[in-house]
Amino acid sequence: MNSDLPLLKRVTPPALLAALVALVAAVPLLSNRWFYYWDDSAAAFAPGWHTIGERLLNGSWPTLFPEMWAGGNITAEALYGTYNPVLLAEAALVALVPNLAVGMTLVKMQFLALLAVGVYVLARQYGASRSMAFVAGFAMPFAGYTLYFDASTWASGLIAFAWIPHVWWSTRASAAGRVNPLVPILFGFLAMTTGNPYGAVAVAVVYLAVLAETVVRNRAGDTERPFPGIRSLIVSGVAIVMMSLIVYLPLAFTTGVSVRTQTGIRNDDALRPGLGDLINLSALSNRPYGPIFESTAATVPLVYLAWFLVPLAPWIRWGSLRRLGRSSISLAVFGGIYLILLLGPSNLWLFRWPARLIEYGQLPVIVIAAVALSAGLARDRWKLRLGITAGLIVAQFYLSWAEIPEDIGTHLAALAITVALTTLALVVSFRKPRLLAGALVAGTVVALAAQTNLWFTGNYNVTPWKFPRQEAFLDEHFEKRYPGTTFVIADRENINPDDPTGQWGDVLFGSLYQPAGVEAVNNYAGISFNSFVDDLCINYYGGVPCGDGVGRLLAESPGTGVSWLDAMRIDTVVVQNSGPYGGPHALDALPTDEWDVRVEHGVTVGTRTAPHQWPDGRLSATTPGLEVTGDSASTDTHETLTYTGSGTATFALLAWPGWTATVDGEPVDITESPGGLLQVELPDSGGAESTLTLRFTPPGSNLGWGLAGAGLLVALGQGAWFAVRRRKVGQPMSRR
């Protein structure tokens, strides 16, 4: 990449690329306005970031939201990126936009553009021309997995992946001494602190790949600074890890109570592409056959990358890749590692579903293609090349048809579009080769439009919630209607499939109650709290699938002496009438002197009329011999209780690791009820009044902050050393 070009010429292509990608990202919205507000993006990320953003705008740091119960351990969830400054800014944006779908779409457009620019710079660094680097950057965001799974549904995956090309190019440049190590450290930190473990692994793989290339260059003697390059990589890599561990330590220390306890290696073939699937990089209509959640095949072109790679393969001057030389080492190592992982078992320790790695494996492919295409298409032996192209296109059609024969109409349409686009590209290449990049970009837009508006309008392998999008609608239908701590007994399986949005005025799922202003127990819970959700039969998206959901709530909470209803200080109970919970009579067992019950069209609602015994705190039950004189919860993570006597105090809190307790300044143990509630055995006050203080700090925080501080010092020291050394030797830094 020529860094001696004027700044305007270097900045204009990636800036134009970012704007174009953000604009074209709106194409799927033409037929599906929920495209980026889908599955976990709607159930978890949109409401989660909205809640985090509201707290930030109100001056509160997000660590634990007790009112969200199993879904409220924001720090341990990790995926919300509460230690990532960019994601905190995005959370504030989502909170400020009154339409949740629009807020999520804006966030995703930004990261699709960021990904495109990263691929562009990476391709340029490996020697691609500006035009073909532009093509590579434009194609990657609209690849099948990236668009339909990460961009549409699993937002955290998109955000983590978007940083990886930037980590890659900056790490190579730093190893070569062309940029300050602070640059890859910054990008690596931003990738790691998204909280997505696949992004963290990718940072490590990037460093392994670049380290391998640097070692080979050193042994070949074609580098000016052999040892410093390796040393720089090791130091910057250590700094990134030290600065980022604070994100993962709370998760590690919380797994003992969470549902995410799976370990070992096993294979159930779920979301596990085969080698044959991975070669269908240009098949517009190919849907791999295999188990994906409740489906027997993908509902989207899962392994699609770019329409032109396979049809134009016979015309690409692959021999031009020889000029990559030893630069190819890092591409080969990165791609090789991900190929191995993609073909591995479906579950490897805490990592599951190898399909999540498709985009990482495709990244070096699109970079290599950009470098090769920069040499232009070949013109000799055109009949032979044309014949091979025809064969490849027909093979794509056949393989796609063989996977899903009933989609013959779609496959034929995809065949026609591929033939037309390939013909256009070849004609342009022969007559106006300078316009080839434009033809490839235009073809990508055509392919995207056909896929997202004609054939695969959404990813139906996951849940297309189609929740309400307007915050005003949520406030109007829920905020005043369900006051106080609310428990909702409902499940998505009880919704009429012919009217999928008909109940959204009465019940919600995921964490949608939070932007609706309802303090609901039911929330999306990634890590969850095992004993609590098991006792009350709450699933990951906040649904209650058990028909005895009401009975469980009214039963005694083990070890507390009171019902779950009282142990959790529930103020409102909402029961879905269409479910197997008892319909209009579901809440008949509630005492009429303490509860008011009303039957509505879609739900039966019980509202507590009797006041709580301790209205200012979260204390919910005590044992005989303990007299509470005051209880106050000043913040989400701090509570003070005064008492005389002794006994066990139960709080309407989950006993997350990280809670600590002191009585008159002396530490006391916190215990967990059999159902997961926080309990403290209070020592005898000795005839005077004693004070219990509860505090929550994410577990591992002290270690994490200490490592982060040390890592920051290492990073700053390395950056300063680089700057001083550059000044001494009189070699100005690259202006990249």
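Q: In this predicted model, at what angle do helix α2 and helix α5 pack?
A: Helix α2 covers residues 40-57 and helix α5 covers residues 100-125. Their axes lie 10 Å apart. The packing angle is about 90°.

Q: Is α2 roughly parallel or roughly perpendicular to α5?
A: The two helices pack at an angle of about 90°. Angles from 65 to 115 degrees count as roughly perpendicular. That makes α2, relative to α5, roughly perpendicular.

Q: Which residues in α5 are met by Ser41, Phe45, Ala46, Trp49 and His50?
A: Those five names belong to the α2 side of the contact. Across from them, α5 contributes Leu100, Met104, Val107 and Lys108.

Q: How many salt bridges does a search of the whole structure find?
A: A salt bridge needs a Lys or Arg side-chain nitrogen within 4 Å of an Asp or Glu carboxyl oxygen. The search over the whole structure gives 14.

Q: How many residues apart in sequence are the parts tied together by Glu213 and Arg172?
A: Glu213 and Arg172 form a salt bridge, with the closest N and O atoms 2.8 Å apart. Glu213 sits in helix α10 (residues 197-220), and Arg172 sits in helix α8 (residues 155-175). The pair therefore ties together parts whose separation in sequence is 41 residues.

Q: Is Glu213 buried or exposed?
A: The cut-off for buried is under 20% relative accessible area. Glu213 has 5% relative accessibility. Its partner Arg172 has 9% and is buried too. Glu213 thus counts as buried.

Q: Which residue forms a salt bridge with Glu213 at 3.0 Å between the closest N and O atoms?
A: This partner lies in helix α10, as Glu213 does. The two are 4 residues apart, about one turn of the helix. The partner is partly exposed, at 22% relative accessibility. It is Arg217.

Q: How many residues apart are Asp407 and Arg287?
A: Their side chains meet in a salt bridge, 2.6 Å from N to O. Asp407 is in the loop between α15 and α16, while Arg287 is in the loop between α12 and β2. The pair links distant parts of the chain, and the separation is 120 residues.

Q: What is the relative accessible area of Arg287?
A: Its salt-bridge partner is Asp407. Asp407 is buried, at 16%. Arg287 also counts as buried, and its value is 13%.

Q: Which residues touch Phe456, not counting residues up to four places away in sequence?
A: Phe456 is in the loop between α17 (436-455) and α18 (471-479). At 4% relative accessibility, Phe456 counts as buried. Its contacts are Tyr148, Leu284, Ser285, Arg287, Thr299, Val300, Pro301, Thr410 and Gln451.

Q: How far apart in space are Phe456 and Asp616, C-alpha to C-alpha?
A: In sequence, Phe456 and Asp616 are 160 residues apart. In space, their C-alpha distance is 52 Å.

Q: How far apart in space are Leu703 and Ile246, C-alpha to C-alpha?
A: Leu703 is in helix α22 (residues 701-729). Leu703 is partly exposed, with a relative accessible area of 46%. In sequence, Leu703 and Ile246 are 457 residues apart. Their C-alpha distance is 7.6 Å.

Q: Which element gives the most residues to the nonpolar patch?
A: The patch consists of Ile279, Tyr398, Leu399, Trp401, Ile408 and Leu412, with about 560 Å² of accessible area together. Two elements give two or more residues: α15 (382-403) and α16 (408-431). The top contributor, with 3 residues, is α15.

Q: Is Ile279 buried or exposed?
A: Ile279 lies in the loop between α12 (275-278) and β2 (289-292). Exposed means over 50% relative accessible area. Ile279 has 54%, so it is exposed.

Q: What is the phi of Trp69?
A: Trp69 lies in the loop between α2 and α3 (74-77). Trp69 is buried, with a relative accessible area of 4%. Its phi is positive, in a residue other than glycine, and near 50°.

Q: What is the phi of Ser528?
A: Ser528 is in the loop between β7 (519-520) and α19 (530-536). Ser528 is buried, at 6% relative accessible area. Although Ser528 is not a glycine, its phi is positive, at about 60°.

Notes
Residues numbered from 1 in each chain as written. Predicted model: local features only at pLDDT ≥ 70, side-chain atom pairs only at ≥ 80, totals over all residues. Heavy atoms only, no water. Patch = residues over 30% accessible without salt bridge, like charges linked within 9 Å, V, L, I, M, F, W, Y side chains within 5 Å. Areas by Shrake-Rupley, 256 points an atom, 1.4 Å probe, with all protein chains shown as cover. Buried < 20%, exposed > 50% of the residue type's maximum accessible area, 1.4 Å probe, protein only. Axes fitted to C-alpha atoms, helices over the stretch in contact; angles between N-to-C directions. Parallel < 35°, antiparallel > 145°, perpendicular 65-115°, else oblique. Contact = heavy atoms within 4.5 Å.
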